[in-house]
Structure formats: structure tokens, C-alpha cells
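Me: I have a model open and would like to learn how to read its strands and overall build. Could you walk me through it?

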Amino acid sequence: MTSDSTTLARLSMSLPAELFRQLDVMVEERGLPSRSRLISELIRHALAEHDAFTHPDKMLAGTLTLVYRGDRGRVRHQLAQMQADYLKEVISSQHVFLEDDQSLEVLLVQGPAVRLKELCDALRRVRGVQQLQLVTTTSLLPPLHEQGDDA
């Protein structure tokens, strides 16, 4: 396999008829130009997820999405403390209030897969967290600052 991302390779596959129909519906509903575009996206997502589980030292970037109830004790304080404990991995966060004293928080994260998994596990242990999902990507953020950089 070449590293040139413009080089294409052809893949032929067989699917059950119903799965094939659902794939075409998904392509149409997303307004994608082809099945290939959707399948490429799904494969990239699966590869990033696979890397997160099988290569604990591999650097990953992604988003961590949390939904939690704000009325559960000091949940916001605990989540902020947890993010401070993982300062190298949490690049930024966005918070919005939802209905019924719920909150949605999205963290932009980057770090070794094992550290991101540890962060997820720590956040899941906070009482009041209802949903948590880490979505990783196969690309990384460029280094923002290098030690000794004058620019």
C-alpha cells in the first residue's frame, strides 16, 4: 500500500441485500457523491477506534462528549478538576446548558491512547455523568509550541 493519499485501490465486496439497501439510503440521506465516500469514512472511523484499543502508546486526537446532570452535588467541580488532572491531554472544552439541569460538554483531546482511555474512565466515575463518548481521528493537531521556539 502506498502512502500517497491520491492513489486509489479498488475493493470489491458482497453484502446482504438489505444491508446494501441501507447503505444506499445512508449515502442519499447524507448527500454523499458515492458509496465509496461513505465506506471510506466508516473505515477511517473503525481504524481510529481499532488503534485506540490495540496501540496504547499511539498518539490520538479527537473529541470527548459528555452529558451530565448539574444537580448532582459538585459534578461540575469534579469534572473541571479531572480536566486539570489531564491538562496535557485536554486541549479545550465547550460547555452548554441543556434542559432539565443537564449539561453537554465537548472536550478536544490529544494524547497517547492509554491516557485518553484513563481520562474517559475517570470521567465516567463522576456521579452524574450520564453519557460519555470518545471519538478519535487518524490525524493529530500540529505542535502548538516547541521548547526554545522564538517565533
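Reply: Happy to! One idea comes before the rest: two strands count as paired if DSSP finds at least two bridges between them. Keep in mind that this is a predicted model. Here, Tyr 68 has Val 129 in β4 as its bridge partner.

Me: How many bridges link β1 and β4, and in which sense do they pair?

Reply: Strand β1, residues 59-69, pairs with β4 over eight bridges, in the antiparallel sense.

Me: In what order do the strands of the sheet lie?

Reply: Read across the open sheet, the four strands come in the order β2-β3-β1-β4, with antiparallel pairing. The edges are β2 (90-97) and β4 (129-137), each of which pairs on one side only. On average, neighbouring strands are turned by 15° against each other, direction ignored.

Me: Which strands does helix α4 lie across?

Reply: Helix α4, residues 113-124, lies across β1, β2, β3 and β4, and runs at about 155° to β3 (102-112).

Me: And what is the order of elements along the chain?

Reply: Starting at the N terminus, you meet α-α-β-α-β-β-α-β. The radius of gyration is 19 Å, well over the 15 Å that the globule rule gives for 151 residues, so the chain is more spread out than a compact globule. Along the principal axes, the C-alpha trace spans about 55 × 50 × 30 Å.

Me: How much of the chain is buried?

Reply: With buried meaning under 20% relative accessible area, 25% of the 151 residues qualify. The chain exposes about 11100 Å², and carbon and sulfur atoms supply 53% of that area.

Technical notes: Residues are numbered from 1 along each chain as its sequence is written. This is a predicted model: local features need pLDDT of at least 70, side-chain atom pairs count only at pLDDT 80 or more; totals for chains, interfaces and linings use all residues. Side-chain values use heavy atoms; hydrogens and water are left out. Helices (H or I, at least four residues) and strands (E, at least two) are DSSP runs, numbered from the N terminus. Axes are lines fitted to C-alpha atoms, for helices over the stretch in contact, and angles run from 0 to 180 degrees between N-to-C directions. Contact means heavy atoms within 4.5 Å. The radius of gyration is taken over C-alpha atoms; the globule rule is 2.2 Å times the number of residues to the power 0.38. Buried means under 20% relative accessible area, exposed over 50%, partly exposed in between (1.4 Å probe, protein chains only). Accessible areas come from the Shrake-Rupley method with a 1.4 Å probe; for residues, only the protein chains shown count as cover.
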